[in-house]
Amino acid sequence: METVLAILSGAIIAGGVYLMLDRNLIRFIFGLGLASNAVNLLIFAAGRPHSGRPPLIPEGSPVPAAAVANSLPQALILTAIVIGFALLVFVFILFYRAYDKLGSIDTEVMTEAEHFDHAPPPQRERQP
């Protein structure tokens, strides 16, 4: 099971990197989301998933009575999901601002526009 999950996460990471290397900004965002999910799957595979019991310790016992599921990878994945979602929201906001200002989602156009944007910003009048 771990081998299949490791191969699957490697294939998803390869697809994410392929999308991230494209000049289209939307494909970059989709590739970032794919890579984030692939890392979560890799953490899950590293935690040796099995159909064990929940990690509950009986009252009065210092250790679990039988083999239990490892809860640390699950906690790491939940944290990674929240951080990945926040990162994607931030990237979507940057994408919207770049598209609003430049009118293009092509990264080559964005780098060319960077060279011509040396004019000082316009000064706004202060209202009394």
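Modeller: Buried means under 20% relative accessible area, exposed means over 50%, and partly exposed lies in between (1.4 Å probe, protein chains only). This is a predicted model, in which local features need pLDDT of at least 70 and side-chain atom pairs count only at pLDDT 80 or more, while totals for chains, interfaces and linings use all residues. Residues are numbered from 1 along each chain as its sequence is written, and side-chain values use heavy atoms, with hydrogens and water left out.

Biologist: Is Tyr-99 buried, exposed or partly exposed?

Modeller: The relative accessibility of Tyr-99 is 44%. By the limits just given, Tyr-99 counts as partly exposed.

Biologist: How is the aromatic pair of Phe-95 and Tyr-99 classed?

Modeller: Rings of Phe, Tyr and Trp (its six-membered ring) pair if their centres lie within 6.5 Å; planes under 30 degrees apart count as stacked, over 60 as edge-to-face and the rest as tilted. By this rule there is one aromatic pair. The ring centres of Phe-95 and Tyr-99 are 6.4 Å apart and the planes meet at 20 degrees, so the pair is stacked.

Biologist: By about how much of helix α3 are Phe-95 and Tyr-99 separated?

Modeller: Helices are DSSP runs (H or I, at least four residues), numbered from the N terminus. Phe-95 and Tyr-99 are four residues apart in helix α3, so their separation is about one helical turn.

Biologist: Which residues make up the largest nonpolar core?

Modeller: A nonpolar core is a set of buried Ala, Val, Leu, Ile, Met, Phe, Trp, Tyr and Cys residues joined through side-chain atoms within 4.5 Å. Phe-95 is buried, at 17% relative accessible area. α2 and α3 each supply at least two residues of the largest core. Its seven residues are Leu-25, Ile-29, Leu-32, Val-91, Phe-95, Ala-98 and Met-110.

Biologist: How far apart in sequence are the parts that Asp-106 and Arg-23 tie together?

Modeller: A salt bridge is a side-chain nitrogen of Lys or Arg within 4 Å of a carboxyl oxygen of Asp or Glu. Asp-106 forms one with Arg-23, with the closest N and O atoms 2.9 Å apart. Asp-106 lies in the loop between α3 and α4 (107-115) and Arg-23 in the loop between α1 (2-20) and α2 (25-46), so the pair ties together parts whose distance in sequence is 83 residues.

Biologist: Which residue forms a salt bridge with Asp-22?

Modeller: The structure holds two salt bridges. Asp-22 is partly exposed, at 29% relative accessibility, and its partner is partly exposed at 42%. With the closest N and O atoms 2.9 Å apart, the partner of Asp-22 is Arg-27.
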